[in-house]
Amino acid sequence: MSKRRIKKVAIIGSGIMGSGIACHFANIGVDVLLLDIVPRELNDKEKAKGLTLEDKVVRNRLVNDALTASLKSKPAPIYSQAFASRITTGNLEDDIAKVADVDWIMEVVVERLDIKKIVFEKLEKYRTPGTLITSNTSGIPIKFMNEGRSEDFQKHFCGTHFFNPARYLKLFEIIPGPNTDASVLDFLNEYGEKFLGKTSVVAKDTPAFIGNRVGIFSIQSLFHAVKDLDLTIEEVDKLSGPVIGRPKSATFRTVDVVGLDTLVHVANGIRENCPNDERLALFELPDFIHTMMENKWLGSKTGQGFYKKNVSADGKKEILSLDLNTLEYRSAKRAKFATLELTKTIDKVVDRFKVLVKGKDKAGEFYRKSFTALFAYVSNRIPEISDELYKIDDAMKAGFGWEHGPFQIWDAIGVEKGIELMKAEGLEPSTWVNDMVASGNTSFYSVKEGSSFFYDIPSKKQTKIPGQDSFIILDNIRKTTEVFKNSGVVVEDLGDGILNLEFQSKMNTIGGDVLAGLNKAIDLAEKDFAGLVVGNQAANFSVGANIGMIFMMAAEQEYDELNMAIKYFQDSMMRMRYSSIPTISAPHGMALGGGCELSLHADKVVAAAETYMGLVEFGVGVIPGGGGSKEMALRAQDLFHKGDVQLNVLQEHFLTIAMAKVSTSAYEAFDLNLLQKGKDVVVVNKDRQIAVAKQHAILMANSGYTQPVKRDDILVLGKQALGMFLVGTDAMEDSHYISEHDMKIANKLAYVMAGGDLSEPTRVTEQYLLDLEREAFLSLCTERKTLERIQHMLTKGKPLRN
């Protein structure tokens, strides 16, 4: 790693991308200088206040308004609103000299070469030699932008292309100019991955680089296929969404969100600048796109695109769909295909592709045409846009949210089968693919000794993908390092004395098999190992306890069995806390309900920055029953000594549960006291998370970890707190803010967190609180309205308010 350090950056241009990038640098602790142009005229508010164009508030209006709008946008561009204080705003006339003090200058202005060159000319007057300077261009050639600049500027200049939104999309394309120093590329490659949490991909200086070149081809291909196969937009979105590991927004909803004009701009750029592209005709826009552009049906930004929100005369809301034959909006049509029905029992997306391309209906034809077109196209882009095939897959996964890249999908179908399907469609792969098969290589990827390898075209052999030594990829090690397995978990040996418990249940829900696996993993670790990590690399850590099991027991009135199940859950959580080896939880994505409770009881949490954590049991009519209610009472009392009014602290923790608050990032989980400062840590790059968790487990074990002593000193406030809570819930119900059943749930939680109706503040044990928690949970499971809520959640996937 270079000795270069990034303490401060300057972002030039505060539009959606500029402000988003500024926020993400603030997310990782970097000071940001955000600059934009000075307004040329006053607005009405400024005139009314008697301001002039010389007033600072006017001169910084554009940048301040843009940043404010960004900070208010959803999803939030920043991990915590407090981090916005790391961003200083200014303008390109009064504050441009301040770029002399930064470590990295990034241009994010409008996509016009002439304007960018003017900006770079101004910046070079103040830039300190050796400072990184990059452009966030999405397609303008780097070689044109650095023309006329100094040698030092050109050595430190390249493209650094973030995808929007900068916080959430992981692709970070690095595009060298003709004179970019290799050390600059190496630094940015590592910085993007390690600090920004991105998938860094060094691309060639070709139109639209890698991500947009392939992504726009894929969308354009579907634009043409929709008419050729006589499909509706709903059908295409059904076929090109989660069923093949793509985002829920699929194709047409994604275009609506991004903006049709943005897509058209990039597609036109490719068509105009890639005359030798063998599929150039596909970048010609279909007639329906021209009509939509003329009508300004650009998507969300103009209120209508391929979809349109409509409110009928009787106030009913409806999403209308565009009929591409009539170009009129109509009610949405349900999409259903026999081929998709065949995949319903196939949980892993990668195992569906073979089935999908064999389909006998229109869906099967769609997949054969779209996949073969994609395979042929990406094979022909090597070496034009990349020398290595894995970079194309990385770009599509990180930039477009695909679960599998084109070459990975081709591998899943079978390389030779893919070639056969291509020929049936009148297509041919690039020569190197045929050479690969002829040489005996039958796949683009392989796994050896826990590492991923790719087919390297020049050497004609499988080569290790660089940069993965800092990762632990569970898919690569599972088969060779497994020490225990049941229907709910796999326990793997991570090496160096550390085990990993990986959930394998549907959506990683926590039921009896998972809890049995957790207890077994702790047994194994205590006997023969030094520590335990609980982590996985699925989309979400865990969405919570298996509420289906709870519903069945409650509906059948099997209360003794339910009591035993809840106690087993509680005991398992306490085992996490009071074992003789360090336990590390590694949550990411959704860590809800029981998934949150497990993390609350670990010795340390190594959370991914994108962790959405909360105790959400109120939504199904119960309180947290796996130690979560107890733990929030305990964590509240641990703050009593800090000077805040005890009742206020307890009330904040009560409301975290009662309002089913979910953090929008790991950093926000600290504010909710679901993560604890000084104990728990955050990892920005999720790919590093298991490896970092393992290192913390080793450190704790080597530091002489000792089994904690069980707590018997928890101060509960009794009737003093209970009275406050009951008055509050009664007032909320009287004012119709909550239902009668909500009040009943809240009162049960109040009883637990107050420690019961004790006459005075008293020191109690954790088990005392756990018994209160379990009793309250069970009593709520006897309520008809609770069963209705659980059933509604199971069938509809969202809470019922009753």
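Phe-195 sits between the extremes of exposure: with a relative accessible area of 35%, Phe-195 is partly exposed. In this predicted model, the ring of Phe-195 pairs up with that of Tyr-191. The two are stacked, with 4.8 Å from centre to centre and 20 degrees between the planes. Tyr-191 is the covered partner here, since its relative accessibility of 3% falls under the 20% cut-off and so counts as buried.

A second pair looks rather unlike that one. Trp-432 and Phe-444 have ring centres 6.0 Å apart and planes at 65 degrees; the angle is over 60, so the pair is edge-to-face. The pair also ties together distant parts of the chain, as Trp-432 belongs to helix α20 (residues 431-438) while Phe-444 lies in the loop between α20 and β12 (445-448), 12 residues apart. Both Trp-432 and Phe-444 are buried.

These two rings have company. Trp-432 and Phe-444 belong to one aromatic cluster, along with Phe-353, Phe-366, Tyr-367, Phe-371, Phe-375, Phe-407, Trp-410 and Tyr-455. Across the whole structure, the search turns up 36 aromatic pairs.

Now for helix α26, which spans residues 628-637 and is mostly covered, with 10 of its 10 residues buried. The buried set mixes charged and uncharged side chains: Lys-630, Glu-631 and Arg-635 are in it, and so are Gly-628, Ser-629, Met-632, Ala-633, Leu-634, Ala-636 and Gln-637.

Zooming out, the chain contains 33 helices and 25 strands. Its radius of gyration is 28 Å, and a compact globule of 802 residues would come out near 28 Å, so the two agree. Taken along the principal axes, the C-alpha atoms fill a box of roughly 80 × 70 × 65 Å. Buried residues account for 54% of the 802.

Contacts reach well along the sequence: of those between residues at least 6 apart, 69% join residues at least 24 apart. As for the surface, the chain exposes about 34500 Å², and carbon and sulfur atoms supply 51% of that area. On the charge side, there are 98 positive and 106 negative charges in the chain, and their mean positions are 1 Å apart.

Conventions:
Residues are numbered from 1 along each chain as its sequence is written. Side-chain values use heavy atoms; hydrogens and water are left out. Helices (H or I, at least four residues) and strands (E, at least two) are DSSP runs, numbered from the N terminus. The radius of gyration is taken over C-alpha atoms; the globule rule is 2.2 Å times the number of residues to the power 0.38. Buried means under 20% relative accessible area, exposed over 50%, partly exposed in between (1.4 Å probe, protein chains only). Contact means heavy atoms within 4.5 Å. Accessible areas come from the Shrake-Rupley method with a 1.4 Å probe; for residues, only the protein chains shown count as cover. Lys and Arg count as positive and Asp and Glu as negative; His and the chain ends are not counted. The place of a charge is taken as NZ of Lys, CZ of Arg, CG of Asp or CD of Glu. Rings of Phe, Tyr and Trp (its six-membered ring) pair if their centres lie within 6.5 Å; planes under 30 degrees apart count as stacked, over 60 as edge-to-face and the rest as tilted.
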